[in-house]
Amino acid sequence: MLGRKSRKKTGLNIIIVGCGKVGATLTEQLSKESHDITLIDKNPEKIQHLANTYDVMGLAGNGASYNVQMEAGIEDADLLIAVTDSDELNLLCCTVAKRVGDCAAIARVRTPDYSEESAYLRQKLGLAMIINPELAAAHEVARLLYLPTALEVNPFAHGRVELIKFKLPENNILANQTIVNLGKKGVSQNVLFCAVERDGEIIIPTGMFTLAAGDVVSFVSSRRDARNFLSKIGFDIKQVNNTMIIGGGKAAYYLAKQLLPMGIDVKIIESNFERCEELNALLPKAIIINGDGTNEELLKEEGIKNIESFVPLTGIDEENIFLTLYAREVSNAKVITKINRINFKNVISHLDLGSVIYPKYITAEAILAYVRAKTASIGSNVETLYHMFDSRVEALEFLIDRESEVTNIPIMEMNLKKNLLLCCIQRNGKTIIPSGTDMIMPGDTVVIVTTHTGFDNIQDILV
């Protein structure tokens, strides 16, 4: 065993197989929340690096091996998460864990063939979750192309509620207005402003907060009311008509599969000729170009100056960043930048990259929501979790499954923590933007936004 454990943890006993980008992100997030983490990877250097950084143990070996899992403590584990680069190895790790231990199991599966069978595999193998980073990233990109004026669109309540982030432009009708005045004027009807970033500072706004040009604003609303609000304040809410994707990997395939049925024209530029032939067969309605997507002349020939949206999905962060900056220079396209690593994140945040997505964070958030739900005491479950503003803000969706000290009491009478907003209640298919007289009831879905971290139960909102 490599690493150290300095204290007895109070959370779950979790084994993570695979110390790549997703495994490292999960280790970082889960170790913060007092879970007992054991890592398995064939590369002892990766394990040692994470063990030296976080309070975890590690074991060098094959994560699908019965003996290795036994040595890692599978019999006492609550959860095994397999996130190696091999789909087959991940599924085998989970199968062994389910046979040997009495634990839940989560597998990362990225191959399209397996993803299309994920419900079958999950049921037959008894998995808690199958997660696909490329598919999840494609979903996020597609949401942004359906509403291109947004910087982020995060869905709750199975898509009926959305948390939308946008940058407030100069001379907008929201600028220099308090939130309470906007409500009185009917501008922000059925909308709740839940977080604002200004000059690097995060604010959970009260009604007396005054918005200013340049603010990055997040609000919660139903899907329909969100679009009505954005249209009312002067934003274009039409989806893009076309997109240019650089790189023909799995994420590009998943994205094109979502966009084409929506009537969005798709052009993919891919340097590998054999992959182009595959994509031609898989995506007959898309235009597939065999060429170097980083070649300026080729981009001009293929119409980058007139394209409505541009999504670089190469496997190299630096290429994606430079391509985005070039597209912003020569076109008015909606740009979305995929970044796999988080090196130099402070520098990246100061670049004008439009919407930025981190597939490994999308994966980690889905798994973290499951872990928090599994950790929670009786009364509520974490259904969805998003990190916002470089993980300084959390947005969580709770399913209220029974009465507790937060139910059947007006919100105005609750002793809520500071820097926290109860943003939305979903009840019997109806979206409620709550006032002080509204109450949380059993059966509701509740969305909160807060600068606090680590909530796993709705009662955590109370002081």
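Two strands pair if DSSP finds at least two bridges between them. The model used in these exercises is predicted.

**Exercise 1. Sheet order**

Task: State the strand order of the open five-stranded sheet and find which strands stand at its edges.

Solution:
- Step 1. The order reads β8-β9-β12-β10-β11. The pairing is antiparallel.
- Step 2. Look for strands with a single partner. These are β8 (152-156) and β11 (201-203). Each therefore has one side left without a neighbour in the sheet.
- Step 3. Add the twist. Neighbouring strands are turned by 15 degrees against each other on average, direction ignored.

**Exercise 2. Counting bridges**

Task: How many bridges join β8 to β9, β9 to β12, and β10 to β11? Give one facing residue pair for each.

Solution:
- Step 1. β8 and β9 are joined by five bridges and run antiparallel. P155 faces E162 of β9.
- Step 2. β9 and β12 share seven bridges, again antiparallel. Here V161 stands opposite S222 in β12.
- Step 3. β10 (residues 192-198) pairs with β11 over three bridges, in the antiparallel sense. R198 is opposite E201 in β11.
- Step 4. Apply the cut-off of at least two bridges. Five bridges satisfy it for β8 and β9, seven for β9 and β12, and three for β10 and β11.

**Exercise 3. The hairpin**

Task: Which residue in the hairpin of β8 and β9 takes a positive phi?

Solution:
- Step 1. Find the connection. Four residues lie between the two strands.
- Step 2. Check the backbone angle. A157 has a positive phi near 50 degrees.

**Exercise 4. Cover on the sheet**

Task: Where does helix α9 lie, and at what angle does the helix run to β12? How many residues of β9 are buried?

Solution:
- Step 1. Helix α9 (residues 223-232) lies across β9 (161-167), β10 and β12 (216-222).
- Step 2. The helix runs at about 135 degrees to β12.
- Step 3. Turn to β9. Six of its seven residues are buried, so the strand is mostly covered.

**Exercise 5. Cysteines**

Task: How many disulfides does the structure hold? Are C93 and C276 buried or exposed?

Solution:
- Step 1. The count of disulfides is zero.
- Step 2. Test C93. The nearest cysteine sulfur belongs to C94, 6.7 Å away. A disulfide needs sulfur atoms within 2.5 Å, so a pair at 6.7 Å does not qualify.
- Step 3. Apply the burial cut-off, under 20% relative accessible area. C93 has 0%, so C93 is buried.
- Step 4. C276 has 4% relative accessibility, so C276 also counts as buried.

Technical notes. Residues numbered from 1 in each chain as written. Predicted model: local features only at pLDDT ≥ 70, side-chain atom pairs only at ≥ 80, totals over all residues. Heavy atoms only, no water. Axes fitted to C-alpha atoms, helices over the stretch in contact; angles between N-to-C directions. Contact = heavy atoms within 4.5 Å. Buried < 20%, exposed > 50% of the residue type's maximum accessible area, 1.4 Å probe, protein only.
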